Structure formats: structure tokens, C-alpha cells
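Please read the numbered points below beside the coordinates. They go from single residues to the chain as a whole.

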Amino acid sequence: MQIRSVGIDLGKTTHHLVALGDNGKVLLKKKFTQKQLIAFTANMQTCLIGMEACSGSSSSAALLRA
């Protein structure tokens, strides 16, 4: 599974992740808590991550970048 880009929808208690492959085909759809999302993305290969702009997105982006 070669994930090229990830989209994340940030919620108050849950976050939804959709991962796309080289050809734009959906490879993965999952629902996470913030802790689960950080653990899952820490074990992923480097890829483009897009998320919505909201008040919590800058802190989430900092955690995902590390």
C-alpha cells in the first residue's frame, strides 16, 4: 500500500482520515481519537497531509509534523 496523500477532518473528539494512492484511489478510511491519529501517522511513510483550517488545526499540524 503506497499512500501518497492523506486528508484529515478534525472533530472535537474524533478525526476522520482518508488516504489516497498514486492514482488517486482511496486506500484507507478510518476514524481516530487524537492520540490514535498521532500514533497511526507516526508509523506512516512521509506523505502530503491536508486538513481543514480551524482553531485546533495548528496544534494538530505541529504534532503531525514532529
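Which backbone nitrogen does the side chain of histidine 15 reach? The points below begin with that contact, and they should be read with the reservation that this is a predicted model.

1. **Histidine 15.** The side chain of histidine 15 reaches the backbone nitrogen of glycine 11, at a separation of 3.2 Å. Histidine 15 has its place in strand S2, and with a relative accessible area of 6% it is buried, the cut-off for that word being under 20%. When neighbours within four places in sequence are left aside, histidine 15 is in contact with Ile8, Asp9 and Leu10, with Lys30, Lys31, Phe32, Thr33 and Gln34, and also with Leu37.

2. **The S1–S2 hairpin.** Strand S1, made of residues 5-10, and strand S2, made of residues 15-20, run antiparallel and are joined by six bridges. The connection from S1 to S2 is a hairpin of four residues. Within this pairing, isoleucine 8 stands opposite leucine 17 of S2.

3. **The parallel partner of S1.** Strand S1 also pairs with strand S4, residues 48-51, this time in the parallel sense and over four bridges. Here valine 6 has isoleucine 49 in S4 as its bridge partner. As a general point, the side chains of a regular strand alternate between the two faces of the sheet.

4. **Isoleucine 8.** Is isoleucine 8, a residue of strand S1, buried or exposed? At 5% relative accessibility, isoleucine 8 counts as buried. Apart from neighbours within four places in sequence, its contacts include His15, His16 and Leu17, then Leu37, then Ile49, Gly50, Met51 and Glu52, and finally Leu64. Although isoleucine 8 and arginine 65 are 57 residues apart along the chain, their C-alpha atoms are separated by 14 Å.

5. **Threonine 41.** Threonine 41 has its place in helix H1, which covers residues 34-42, and at 15% relative accessibility this residue counts as buried. Its side chain reaches the backbone oxygen of isoleucine 38 at 3.2 Å. Not counting residues up to four places away in sequence, threonine 41 touches Leu17 and Leu64; Leu64 appears in the contact list of isoleucine 8 as well, and leucine 17 is the residue that isoleucine 8 stands opposite.

6. **Valine 26.** Strand S3, residues 26-32, is the place of valine 26. With a relative accessible area of 43%, valine 26 is partly exposed. Beyond residues up to four places away in sequence, valine 26 touches Val18, Ala19 and Leu20. The C-alpha atoms of valine 26 and serine 5 are separated by 9.9 Å, with their positions 21 residues apart along the chain.

7. **The salt bridge.** How many salt bridges does the structure hold? The structure holds one, in which the side chains of aspartate 22 and arginine 4 meet at 2.3 Å, taken from N to O. Since aspartate 22 lies in the loop between S2 and S3 and arginine 4 in the segment before S1, the pair ties together parts that are 18 residues apart in sequence. Aspartate 22 is exposed, with a relative accessible area of 56%, whereas arginine 4 is partly exposed at 42%. In general, side chains of opposite charge can pair when their charged atoms come close.

8. **The chain as a whole.** The secondary structure comes to two helices and four strands, and from the N terminus on the elements run β-β-β-α-β-α. The radius of gyration is 11 Å, close to the 11 Å that the globule rule gives for 66 residues, so the protein is as compact as a globular protein of that length. Along its principal axes the C-alpha trace spans about 30 × 20 × 20 Å.

9. **Burial, contacts and surface.** Of the 66 residues, 27% count as buried, and isoleucine 8, at 5% relative accessibility, counts as buried too. Among contacts with a separation of 6 or more, residues 24 or more positions apart account for 38%. The protein exposes about 4600 Å², and carbon and sulfur atoms supply 54% of that area.

Methods. Residues are numbered from 1 along each chain as its sequence is written. This is a predicted model: local features need pLDDT of at least 70, side-chain atom pairs count only at pLDDT 80 or more; totals for chains, interfaces and linings use all residues. Side-chain values use heavy atoms; hydrogens and water are left out. Two strands pair if DSSP finds at least two bridges between them. Buried means under 20% relative accessible area, exposed over 50%, partly exposed in between (1.4 Å probe, protein chains only). Contact means heavy atoms within 4.5 Å. The radius of gyration is taken over C-alpha atoms; the globule rule is 2.2 Å times the number of residues to the power 0.38. Accessible areas come from the Shrake-Rupley method with a 1.4 Å probe; for residues, only the protein chains shown count as cover. A salt bridge is a side-chain nitrogen of Lys or Arg within 4 Å of a carboxyl oxygen of Asp or Glu. A polar contact is a pair of N or O atoms within 3.5 Å; within protein, one must be able to donate a hydrogen and the other to accept it, and residues adjacent in sequence count only if both atoms are side-chain atoms.
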